[in-house]
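Visitor: Please take one part of this structure and look at it closely. Then set it beside other parts of the same chain.

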Amino acid sequence: MTKNSTVSKVLEKTYQYGFLSEVESEKIPKGINEDVIRLISTKKKEPQFLLDFRLRAYKQWKRMDEPTWANINYPKIDYQEIVYYSAPKDIEKKKSLDDIDPEILKTFDKLGIPLNEQKRLSNVAVDAVFDSVSIATTFKEKLAEDGVIFCSISEAVQEYPDLIKQYLGKVVPINDNFFAALNSAVFSDGSFVYIPKGIQCPMELSSYFRINSGDTGQFERTLIIAEEKASVSYLEGCTAPMFDTNTLHAAVVELIALDDASIKYSTVQNWYSGDKNGVGGIYNFVTKRGQCKGRRSKISWSQVETGSSITWKYPSCILEGESSVGEFYSVALTNNKQIADTGTKMIHIGKNTKSTIISKGISAGHSKNSYRGKVHIGAKAIGAKNYSQCDSLLIGDNAEANTYPYIHSKQVVSNIEHEASTSKISEDQLFYLRSRGISNEEAISMMVSGFCRDVFNELPMEFASEADSLLGLKLEGTVG
Amino acid sequence: MNQKKLILEIKDLYAGIEGKDILNGVNLKIHEGEIHAIMGRNGSGKSTLSKVIAGHPEYTISSGEIIFKDKDLTQLEPEDRSNQGVFLGFQYPIEIAGVKNIDFLRVAVNARRKILLKNELDTFEFEDLVEENLRIVKMEKDFLERGVNEGFSGGEKKRNEILQMALLEPIISILDETDSGLDIDALRIVAAGINKLHSDQKATVLITHYQRLLNEIKPDFVHIMKDGEIIKTGNKQLAIELEREGYENFQNPLDKNK
């Protein structure tokens, strides 16, 4: 009895966002077919081109096979058992925050993302997505003064159809992979960002994704466009209640940077990761890709991946523009029975393109954590440079860490450096810190943050400390 | 003399590692204001004794007690022992990559302050405190910005131990071969630091092979350890004898009968 309650206490501590909100929602029947896709499109009052886009994707998807990977095993997903659209009831009618179901506002309050005017974060604009729809976007008017568009993608489809038509599916084609095709067919909502020429976005933009229904897949779609000499820093966060079934999350993110533009995209991923025995949790199968289209453009991905029962994601950069720059900074922490297979692809096409990869994997419990990355230097990429550093840290004796770097170069005049290391937190290190009065858990989390420092330095200031404490929470109960 | 309060009492302590006995009945009493030196050859159990007092999890105590200020330490976690005021200066201070020395020191100091019911120090307050203490070990500020012991020279590591001792204000400091690997100048700095931090309310235990440290820090008692026991206790004179005659001539009085 006592033992049980201690265990559950640790679990509660480990995942403090596992609550379920009582919100009346409108769901469509589960399963996927052409009618369901038409229904989603109708509900969202979409133009014909988008319905055509969805149907094309669906046709492709039906012909594709679900991928399998060396290090990931999971029970077969029954795609007819998933609900593809769920929205809090009557959401379409809501015009202002006052009309939104207070339960939803409370949910975001509890998550530390207050949406109402008085409490909201002062220098961060937030788009809050609840299940399949965007609930509210803050600071929209203020951003509009600079011509910056920040809204839900559904709204963008209505208000800026030309931009959507021009860019959607251009970086991640509908048939890119199985999950991207599925997303293209059924995506419900997500964020849209457009930074006009020469504008430095005056505040951090942030999207916050919350899955609430247990049987609903979340298929969000994010599109960010930075015009010439524009720059923006964007952060996404995500959480979900604890369910003992697995929920599928298959998002697609596309970034486009034109001449001299820069996009910094940061993720703090904290989906529910399942319990100690690996029951429940989110399958996080995500396609993220950025296109450095313009000269001297720059795309920088930074991610802190701590949640989900399985993570499969490779935020990548296509370095097309001459002298464009791609960066990938990643911390992936797995505990209990979590599996993460994450990394990046840096595709060097243009001359003098540069990429940097810093990956830090931490494996605790019985988890598996793999870095999988590809550096490709094309025939025309004279003077291309890549630096990769992949470090793994093991905690305990039962966790696994793997590194799979793939390097292809078709250009002699290029420079690729790869460094990798694996280390373990030693008993002597722990004892040293403990003999100075620092508790076991604090000692581990200190060493882990030390290990991750290079990556935390790349996160937006506001979130670096949050990421640090998140890792601390996740590691509670790993040793002892 | 008897008025002095007992700080640490070790009673008939047996301990070992992975089934191997190392300490075979150690008895020791340390009062406030005293400086003790424990000498002995390699493998005599000196370092083990210090680690067992600090609570290293690899060592198992089979019997005996370690009473610190009327409390048995043997069941306490290492961090609790430290917070109660027990300090171990490591023979080989451990490197912890990526963790900034100043961050580590601040967390450690705040853990101890909590027990002393003092307020937690913020980054700025701590900086002031640490700068005062840097003078004791004659270190520069940039030393704080580096990783804990990361790439430190032998001398720097030992000075960092003394800096920690200064900041944590322990009641008893057990310094395991703090003199090893130091040149004469560094030895003087470290010794001066230890002398400065010692007081009537505190106790200091020096574990060493050599008499040279004892020229800088005058011990009240010198103990000789052999085969996991303290076989002889004397004053400063004993260390000088030991230096002259070598460990060979010192035997456990009980062994002589065999």
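Guide: What follows starts with one residue, then turns to a helix pair and a chain contact.

This is a predicted model, in which local features need pLDDT of at least 70, side-chain atom pairs count only at pLDDT 80 or more, and totals for chains, interfaces and linings use all residues. Residues are numbered from 1 along each chain as its sequence is written, with chains lettered from A and ligands numbered from 1 in the order in which they are written.

Glu327(A) sits in strand 17 of chain A, residues 325–334. Strands here are DSSP runs of E, at least two residues; helices are runs of H or I, at least four; both are numbered from the N terminus. Glu327(A) is buried, because 20 other C-beta atoms lie within 10 Å. The cut-off for buried is 20 or more such atoms within 10 Å, with C-beta atoms placed from the backbone. Beyond its neighbours within four places in sequence, Glu327(A) contacts Ser300(A), Trp301(A), Ser355(A) and Thr356(A). Contact means C-beta atoms, placed from the backbone, within 7 Å. Ile357(A) is 30 residues away along the chain, yet the C-alpha atoms of Glu327(A) and Ile357(A) are 6.0 Å apart.

Now the helix pair. In chain A, the axes of helix 3 (48–63) and helix 8 (178–186) come within 7 Å and cross at roughly 145°. Axes are lines fitted to C-alpha atoms, for helices over the stretch in contact; angles run from 0 to 180 degrees between N-to-C directions. Helix 3 of chain A contributes residues including Phe53(A) and Trp61(A), and helix 8 of chain A contributes residues including Phe178(A) and Leu182(A).

Last, the chain contact. Here 17 residues of chain A meet 23 residues of chain B. On the chain A side, helix 9 (427–434) and helix 10 (440–456) each supply at least two residues.

Technical notes:
A residue is buried if 20 or more other C-beta atoms lie within 10 Å of its own, exposed if 12 or fewer, and partly exposed in between; C-beta atoms are placed from the backbone. Two residues are in contact if their C-beta atoms, placed from the backbone, lie within 7 Å.
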